[in-house]
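User: Could you take a close look at one helix in this model and what surrounds it? I would enjoy a connected walk-through.

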Amino acid sequence: MPVVSLRDVVEALDLQSDELRSCLDPDTGEIVTFSEEEASFAESDDWEDAPEWMKEFLPKVKRALEDDRMLELPDRAHIDEWRMMQDFALEEAQCRCRSELTSAVHGEGAFRRFKSAIQRLGLEDSWYQYRQAAFEQVAKEWLEENKIPYR
């Protein structure tokens with residue numbers, strides 16, 4: 001089994017969305033990230049109507065969808081970025097801005113309000129470092145849970 005790049009897994013996790021999914025091929029260490037459109041074409045087996053740029057990629061997508069050995073990376077629901085924002089707000093306890101950050105992460109529009117708050121408070125660098133470390137932890141836990149060696 002190849003050693004997988006932790007950085008590549010973190011990047012794929014960061015791409016996860018309602019439109020994009022990623023799977024890891026444990027035999028090669030390759031991560032295949034694909035859209036719902038690409039998945040639909042791959043599942044249809046009628047690739048003639050697919051754009052030329054996509055046709056070369058469709059066999060990998062098909063394998064990601066059909067091969068039981070392929071491992072789907074955690075999706076946004078499992079990554080829980082909202083919890084990351086809450087934890088970051090609590091860790092900023094020494095900062096006079098704690099109350100603003102904790103109130104920003106509640107209710108509708110929490111992501112937008114939190115982003116505005118960290119910009120206004122000059123905490124963007126701190127947040128992105130914290131977020132990166134949290135994504136790395138999610139990736140490590142997932143890789144270890146699946147017994148995938150990483151570097």
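**Helix H9 and its surroundings**

Analyst: At 1% relative accessibility, Phe 135 counts as buried, so this residue makes a good place to begin. Phe 135 belongs to helix H9, which spans residues 124-145. Please keep in mind that the model is predicted.

What does Phe 135 touch, once its neighbours within four places in sequence are set aside? Its contacts are Val 10, Leu 13, Asp 14, Arg 76, Ile 79, Glu 81 and Met 84. Val 10 deserves a second glance: 125 residues separate it from Phe 135 along the chain, yet the two C-alpha atoms are 6.0 Å apart.

Among the contacts of Phe 135 are also Ile 79 and Glu 81, and between helix H5 (76-79) and helix H6 (81-91) there is a loop holding Asp 80. Asp 80 is not a glycine, but its phi is positive, about 55°. Most residues other than glycine have a negative phi. With a relative accessibility of 29%, Asp 80 counts as partly exposed, whereas Phe 135 is buried at 1%.

Now to the partner helix. Two packed helices are described by the angle between their axes and the distance between the axes. For helix H8 (residues 110-121) and H9, the angle is about 125° and the axes lie 7 Å apart. The two helices are therefore oblique to each other, because an angle of 65 to 115 degrees would count as roughly perpendicular and one over 145 as roughly antiparallel.

Which residues bring H8 and H9 together? From H8 come Phe 114, Lys 115, Ile 118 and Gln 119, and they meet Glu 124, Trp 127 and Tyr 128 of H9. Sorted by class, this contact has 4 nonpolar, 1 polar and 2 charged residues.

Finally, let us follow the chain past the end of H9. Lys 147 sits in the segment after this helix. Its phi is near 55°, a positive value in a residue other than glycine. Is Lys 147 buried or exposed? It counts as exposed, because its relative accessibility is 67% and the cut-off for exposed is over 50%.

To put the picture together: H9 carries the buried Phe 135, which is in contact with residues including Val 10 and Met 84. H9 also packs against H8 at an angle of about 125°, and the exposed Lys 147 is found in the segment that comes after H9.

Notes
Residues numbered from 1 in each chain as written. Predicted model: local features only at pLDDT ≥ 70, side-chain atom pairs only at ≥ 80, totals over all residues. Heavy atoms only, no water. Helix = DSSP H or I, 4+ residues; strand = E, 2+ residues; numbered from the N terminus. Buried < 20%, exposed > 50% of the residue type's maximum accessible area, 1.4 Å probe, protein only. Contact = heavy atoms within 4.5 Å. Axes fitted to C-alpha atoms, helices over the stretch in contact; angles between N-to-C directions. Parallel < 35°, antiparallel > 145°, perpendicular 65-115°, else oblique. Nonpolar A, V, L, I, M, F, W, Y, C, P; charged D, E, K, R; others polar.
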